[in-house]
Amino acid sequence: MIKQITKLILKILTLTCVLALCYSCSKDVNNERENLVFRYNEFANINTLDPAFSRTLQDNSICNQLFNGLVQLDDQLNILPSIAKDWTISENGLVYTFTLRDAIYFHKHPLFGSDSTRVVTAQDFTFSFNRLRDKKLAAPGSWVLNKVDDFKALNDSTFQIKLNQPFPAFLGLLSMKYCSVVPKEIVHYYGDEFRSHPIGTGPFKFKRWEENIKLVLRRNELYFEKDNQGRQLPYLEAVALTFLPDKQSEFLQFAQGNIDYISGLDASYKDELLSADGRLRPRYAKTVNMTRGPYLNSEYLGFYLESKTPEIQSKLIRQAINYGFDRKKMMIYLRNGVGIPATGGFIPKGLPGHSGSIGYTYQPEKAKALVKQFKEETGIENPEITLQTSSNYLSFCEFIQRELEKAGLTINVNVMPESTLRSARSNGKIDLFRSSWVADYLDAENYLSIFYSKNFTPDGSNYFHFRNKEVDSLYNKAFLINDIQKRKLLYTKIDSIAMQNAIMIPLFYDEVLRFTQKKVKGLGINPINLLDLRQVYKE
């Protein structure tokens, strides 16, 4: 009897050990799988997965995982080869000839036939560029080819572009996601639905998109790039996005370890994460890494100049708002010192053409005088305007609201979802809006294109509908000057004209701020805050 009991106990112990071992192995496997997935939230949502329509930072960051162009940028915004392995530029600066890499494959799809894929050729770039400037498609990125006269495939591996005038920053334009290569047969099959059925050549391939809920990408096993040790990229097995619509919920998910990364600073959690002088608080130091660096991003409020509202039409009121609040105080109290007060123009600090003397400083008495002058000239005793913003910038708008109330101007602040705000801004539906402009390449021209009269929204980026003959003339003249020292003088002049007309209210020049879980490695930082997951891994 004792022997039987002993045997039974041994069997139970053995079974318990086996179950424990199985559980441990299962847990290890699950942990290993979890460490191959990079998770993050995109509160501003994704509009499209079609690179020809990728006009926001959010869209660019996801399209950067799916597509490649001829060239790409490194973390210092230097131009590097991508699908093109090298190129030559003619002496007159008009002809660019690109030699493509061998054996670059599109993501797998049944429409490609028995092999489920095929090699990228120069003809694919001809198709992609023709599609980009097709007026029927009306892609917002068509403007990047405005200086292009012609392009063609000389053979399967050579693609040539001819400009109608020299443009020193042209390679930077080609690095934009607009100029990504897409396959003709897939685009023709899906039509407008290519936005949700993308096929590219990037490090990750499309798996599933439930709009407003979840987006999943999987590793592209055919990807062509390798790391310095010759290992194939990317390291991760998958990327998973959620779309929680506010930054506070996003931060709670990050604090609980459910997502790996958050970008930027929001009023809902800034004091929880950072001290008053912008340092990571000790209680997060063991679990979170903070990376901080320069950001070519100007945050601003913009006026729609074709508005019928007298206050918006008046330069007196537009200037009064610019003079009427303390940007330095705003940055200390609302951003914990992260970011540079925008007392210069629209071009951010760090780009040739920036000037700290052409903007607006805090002059509350001057703001009062301008509002008083407006009242006297128009007979409007209680001037009032409405400012539209998303929830994550509400604190800035309310700060300006309180300050301008002292000057005699009523500002009503209205909050709407980021995607709704973008659409309304592009279609001229709002008088005064909060926005930002992130550099796409290392030249101030891409900031000043927002002032050019031929770039009116919705087809271009001139949200203000600002029209000025001198600005247009200087903008076109800048393309003919190769010397950056001479060109930046024109850039500064254009910026100063926009500031004199007070078509916008620069708030601050941002800094890139990234928070990651300690286990996340290899995520760099760059001045345009573009997400690059090729060399990211998790320990």
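This passage describes aromatic ring pairs, charges placed over rings, a covered helix and a pocket in a predicted model.

The structure holds 32 aromatic pairs. One of them joins tryptophan 87 and phenylalanine 98, whose ring centres are 6.1 Å apart with an angle of 45° between the planes, an arrangement that counts as tilted. Tryptophan 87 belongs to strand 4 (residues 84–89) and phenylalanine 98 to strand 5 (residues 95–100), and the two positions, eleven residues apart, are thereby linked. With regard to solvent, tryptophan 87 is partly exposed at 23% relative accessibility, whereas phenylalanine 98, with a relative accessible area of 0%, is buried.

A further pair is formed by tyrosine 235 and tyrosine 537, and because the planes of these rings stand at 75°, with 6.1 Å between the centres, the pair is classed as edge-to-face. Tyrosine 235 is found in the loop between strand 9 (214–219) and strand 10 (238–242), while tyrosine 537 lies in strand 19 (residues 537–538), so the pair ties together parts of the sequence that are 302 residues apart. Tyrosine 235 is partly exposed, its relative accessible area being 22%, and tyrosine 537 is likewise partly exposed, with a value of 38%.

Ring pairs also build a cluster, into which Tyr300, Phe346, Phe433, Tyr447, Phe451, Tyr463, Phe464 and Phe466 are linked. Aromatic rings are, in addition, partners of charged side chains: the charged end of lysine 147 sits over the ring of phenylalanine 479 at 3.6 Å from the ring centre, and that of arginine 434 sits over the ring of tyrosine 393 at 3.7 Å from its centre.

Helix 3 (residues 122–132) is mostly covered, since nine of its eleven residues fall under the 20% relative accessible area that defines a buried residue. The buried positions are Ala122, Asp124, Phe125, Thr126, Phe127, Ser128, Phe129, Arg131 and Leu132. These buried residues of helix 3 pack against strand 5, strand 6 (148–155) and strand 7 (158–163), and also against helix 4 (170–174) and helix 5 (184–190).

The second largest pocket has a volume of about 390 Å³. Its lining comprises 19 residues, of which Ser142, Trp143, Asn146, Lys454 and Asn455 are the closest to the centre of the pocket. When the lining of this pocket is divided by class, ten residues are nonpolar, five are polar and four are charged.

Conventions: Residues numbered from 1 in each chain as written. Predicted model: local features only at pLDDT ≥ 70, side-chain atom pairs only at ≥ 80, totals over all residues. Heavy atoms only, no water. 1 Å grid on protein atoms, 1.4 Å probe; cavity = no way out; pocket = protein on both sides within 12 Å on 5 of 7 lines; lining within 4 Å. Points joined across faces, edges and corners; volume = space filled by probe spheres on them. Nonpolar A, V, L, I, M, F, W, Y, C, P; charged D, E, K, R; others polar. Phe/Tyr/Trp six-rings, centres within 6.5 Å; stacked < 30°, edge-to-face > 60°. Helix = DSSP H or I, 4+ residues; strand = E, 2+ residues; numbered from the N terminus. Buried < 20%, exposed > 50% of the residue type's maximum accessible area, 1.4 Å probe, protein only. Lys NZ or Arg CZ within 6 Å of the ring centre and 35° of its normal. Contact = heavy atoms within 4.5 Å.
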